[in-house]
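Reader: Could you walk me through this one? I'd like to start with the ligands and then wander a bit.

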Amino acid sequence: MTAHAVTHQIIATSSQSERKLFPIPGGVHPPENKSQSLNLPLSALPAPAKIILPLNQHIGAPAKPLVAIGERVLKGQLVASAKGFISANIHSSISGTVTAIEELPVPHPSGLPAMSIVIRSDNLDESVTYEPCENYFELPKEQVIAKIQSAGIVGMGGAGFPTSVKLGGRGKIEHLIINGTECEPYITADDILMQTYPQEIIEGVKLLAHLLGNPADVVIGMEDNKPKAFTALKEAAKGTNVQVVAFPGKYPSGGEKQLIQRLTGKEVPSGKLPSDVGAVVQNVGTVYAAYRAVKYGEPLIERITTVVGGALQKQGNVIVRIGTPVADALSEFGFKERQASQLIMGGPMMGFTLETAEIPIVKTSNCIIAPSYAEMPPVAPAQPCIRCGLCAEACPAGLLPQQLYWYARSEDHEKLQAHNLFDCIECGACSFVCPSHIPLVQYYRASKGAIRTEREEKAKSDRSRRRFEFKQERIAKAEAEKEAKRIARQKAAQEAQQKMAEQKAKAPPAAAAPATAESAEDTRARLERALASAQTRLESAQAKHAEAVAEGSDRVDQMAARVKQAELKVQEAQAKLSETQHTPTASTVDTNSDDPVARAIAKAQAKNAMSPLEKAQSNVESLENRLSKAQEKHQQALSEGADNASALLIGVNKLTEKLEQARTELQGLQAESLSSTEKPAAAPDDPAAAAIERAKAKAEAMASMSPKEKLENQIESLTGRIAKAEQKLAAAQAENADTVEALALGVEKLKAKLASTQQELEQLNP
Amino acid sequence: MSFISQSSPHAHATNSTQRVMLTVVLATIPGALAMVYFFGVGVIINLTLTIGFCLGFEAAVLYLRKRPIGFYLKDFSALVTAVLLGLALPPYSPWWMIFVGCFFAIVVAKQLYGGLGFNPFNPAMIAYVVLLISFPVQMTQWAAPVNLGDLPSISEALTKVFTGTAIDGYSGATPLDAFKQSESLTVADIYSQKPIFSEAFFAGAGWEWVNAGFLLGGLFLLWRKIFTWHAPVSMLAVLALMSIIFYDGSSESSAPVLTHLFSGATMLGAFFIITDPVSSAVSNKGRLIFGGCIGLLVFLIRHFGNYPDAVAFSVLLMNFAAPFIDYYTVPRSYGHSKPRRATEKVDV
Ligand code: SF4
Ligand code: SF4
């Protein structure tokens, strides 16, 4: 103890002479609990039988899986690639087979599952060959940063921010600060790392300094409770411009913003980034990993993790493969499950509890704590806030936690923001000191979430308000637009028709597969993968169940339940898959499509695909069809005395005429085909297509008309119909046909309708 | 296997609200002992009655509000209120008056507002002021300190408290009363003529030691980091400053600095009343203002007002003002060049 204290003093004095330190407000002194994990030397955990690689081990977008179920992968192989700017690559840390890509419990404060790749080891530990690089100082910086990026390096101190992004930023950097503070109790992973690899860390610091344009101030900061690490680094840093500084410990001096303030006196303005005050902060573990990535081409597939707590037989630091289940690490350290009050990943101040040990150790997992009940008893129930102000004294951000708590409870979001809730770093210092044991941080997290949702909703309602405001304008524009659209569509349809004709000349139309087909393919692949993983799980569950039955274990029931669950999952996956398979993956345009243009194209396409002879035949057929239908309708109208009988009759007549025409055409063609002379491709102004166009245009015109226009139109057509019907009637009378009566009736009815339509129009015209 | 899930942090300091409250009670012991020595058994009767009544009322209200009685009684906040009220009331006060006081403190000033943490006013001071206004005669009868006469015996005391039978010659003027009542005398005259001063060492017989006792307790609490120095230091400094400014020794003069600091409820107020976190300002800057204003008010009321002592009134007035102080003293937080006003609009 005395020796320890003396070392503290030595460090403090020597560092004081070197660098001015700045005070940081607040802070607490929780018991350090660091010595218990520093007794054993650093060892490596045996390669696990299975790894689970969550796709979101970093801040930003989850990575995109590159492997399929059943695929064999090697150690160090890229299995998921960064998706987007802020994201990170993920590599396998063992060799083996991908057995599942599915949602699994992952280390995240929310406790929600996330997509993960599961790889079962083949115990060969076969590795891809890495590409070492000696002359990295001579390479273009972008190339070196790309190496760091492709190795999947992220901030290993806890946040998991992609390192390459931090290094690639613009703006002048004055301070490169390496964070070796490790101010959280229990954790000693960085301490051990600094003790074991000081040379590599210094080399890494030099590398990062080079990449950042050699900032004037390069400093490694740590708390003065790591004398060995301090001496080791100090030794390694001799002859470089890297400063090594130790300062008296206080939680949370290792927070990024707090460390910047401690070492430079600068505060990162609210809502800004450290680079805005010319500082970049990197964790020592990150520096080490980045160095190895560049120098040896090693991807980030292992890290040092502290395994500690009273519910373990031994405690210490281990090198673990990323993706190793926590349970593996715990059992290596003699985990006594019954004695554990909880299971924590990260430190006791900012870490989160794990509900199961089947969660993997990821890139950011610096510590696993399995505390005994004596160490971390379940929290006492919260008492009322007595406004003692201890929390405000402790807050490193200078907030008023008791006021935030008050407003959080009353959900006063405005006041919360006025009291700078979003500057809270969730360090937990306030909850730590609170004599009433109020879970303050929990309230802040919930409130932050609520405010974020509220902001999103507000943005949404803003948008809809704008929509409403523009509505009037839009309505005014609507008519003109519709008209323009109609013309445009007509043109487009014509063009499409032409195109189809051209295309037909070049390639079969089926070749023009729509782009959406590919994503459908993707979905199917994903579902197939899901089904495959579900099946593997089912198999393993069944095996376990059988085993349990054989052993007569008391877990039979549990196993049976698991099998049931797995079966259900398989069924679900199957159902989903077959669903997608039944959805037509249309390679040709759907004739039932809602889009008139598409419909027209489809019909024209079908038409164009036929030979002129076939076309003529089908034309005749369809005309015959239509004629018979029209005749039927006419008869019906006549018998009912409907007012459209005459109109129908006209239609019948016209169709008869057309049919005649078509028949002659067909006969001509048949004669031609007999003489084996080929006719040139169909003219674009195909009558059927033209008819479609006309009908479409009419429907559209109707749709775009105002009621008044519609009525006028109706009147016009009615007048036309009456004239024609009268003609017909006259002819019939002249011939003394037996349809005279019916026709006369029709004319009368039409006239009546015309009158009523005119009246309607008058009402519209005041 | 499933482990419990809870929010960080998972480590907690060992202090607790119970411990804070009990420390406060503990810290009153020197002052309370001095009071018992100088004013007799009446102080003990006071404390016994207030503790009994206050805890009783607290339990009754918790029962009516359907709250877990044991859990809330164990925060010991009612005990603190009881002790402070017991020390503030004149010894040998009638039991019914104490009963009424406890009712106002616990039921009206605390529980009706929602219980611990929600009361805008200091419960003990509410009770004190209600009693002072309702029963001015009883409330201004302070026992004379032991060096100026005999203290009542236990039986006399009990009869007085429970039947109202007067005890001859037990009461006397307090130092502050003495100043109030002798308008025509110069300070020097008062000091030589009034026994309460002539028998004293530096401020007022008996009272100086009682206040010294509370000062001691207060320093203990400061050392235990139960509260910050801001409010008490600020109050005492302003009170001292004002009495220096207004002191000229004439008949119009203020009482000397030491008399102001070491008589009446000055020290009890400075370290045990205005430091009540619930009803004071929250930030350190706010507490400086809060304490300073109380010091000022205490002096103004003592010097110009009609009441000889003023701590209770001043505290209540400033309790009333505390939210306004908070409003304008939000501290500057990390990453902000200047503090944001609590009233300022934010972009949502
Ligand atoms: S520490 Fe707890 S009890 Fe004290 S003011 Fe803060 S929230 Fe309230
Ligand atoms: S959790 Fe937030 S409010 Fe609490 S001490 Fe940390 S920064 Fe301050």
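Author: Sure, ligand 2 first: its shell includes A:Cys395, A:Cys424, A:Cys427 and A:Cys430, together with A:Pro396, A:Pro401, A:Ile425, A:Glu426, A:Gly428, A:Ala429, A:Val441 and A:Tyr444. A residue is in the shell if one of its heavy atoms lies within 4 Å of the ligand. Bear in mind that the model is predicted: local features need pLDDT of at least 70 and side-chain atom pairs pLDDT 80 or more, while totals for chains, interfaces and linings use all residues. Residues count from 1 along each chain as its sequence is written, chains are lettered from A and ligands numbered from 1 in the order written, and side-chain values use heavy atoms, without hydrogens and water.

Reader: Which helices each supply at least two residues of that shell around ligand 2?

Author: α13 (429-433) and α14 (440-506) of chain A do. Helices here are DSSP runs of H or I with at least four residues, strands are E runs of at least two, and both are numbered from the N terminus.

Reader: How do the residues around ligand 2 divide by class?

Author: 10 are nonpolar, 1 is polar and 1 is charged. Nonpolar covers Ala, Val, Leu, Ile, Met, Phe, Trp, Tyr, Cys and Pro; charged is Asp, Glu, Lys and Arg; the others, Gly among them, are polar.

Reader: And what surrounds ligand 1?

Author: Among others, A:Cys385, A:Cys388, A:Cys391 and A:Cys434, plus A:Arg387, A:Gln402 and A:Ser436. That shell has 7 nonpolar, 3 polar and 1 charged residues.

Reader: Is A:Cys388 buried or exposed?

Author: A:Cys388 is buried, at 15% relative accessibility. Buried means under 20% relative accessible area, exposed over 50%, and partly exposed in between, with a 1.4 Å probe and protein chains only.

Reader: With those cysteines about, how many disulfides over all chains?

Author: 0 over all chains, where a disulfide needs two cysteine sulfur atoms within 2.5 Å. Take B:Cys102: its sulfur is 3.6 Å from the closest cysteine sulfur, in B:Cys54, which is too far for a bond. B:Cys102 is also buried, with a relative accessible area of 0%.

Reader: Switching to strands: what's the order in the open sheet of 3 strands?

Author: β3-β5-β6 in chain A, with antiparallel pairing. β3 (64-65) and β6 (90-91) stand at the edges with a single partner strand each, so one side of each has no neighbour in the sheet. Strands pair if DSSP finds at least two bridges between them, and β5 (residues 78-81) has 2 to β6(A). A:Ala80 sits opposite A:Ile90 in β6(A).

Reader: What about β7 of chain A, is that strand enclosed or open?

Author: Largely enclosed by the rest of the structure, because 7 of its 10 residues (96-105) are buried. 9 bridges link β7(A) to β8 (residues 113-121), running antiparallel, and A:Gly96 has A:Ser121 as its partner in β8(A). β4 (residues 72-73) also runs antiparallel to β7(A), with 2 bridges; there A:Val73 partners A:Gly96.

Reader: Last one: which residues have the most contacts inside the largest nonpolar core?

Author: B:Phe39, B:Leu87 and B:Phe272, in a core of 113 residues. Such a core is a set of buried Ala, Val, Leu, Ile, Met, Phe, Trp, Tyr and Cys residues joined through side-chain atoms within 4.5 Å. Helix α5 (residues 77-88) of chain B gives the largest share, 9 residues.
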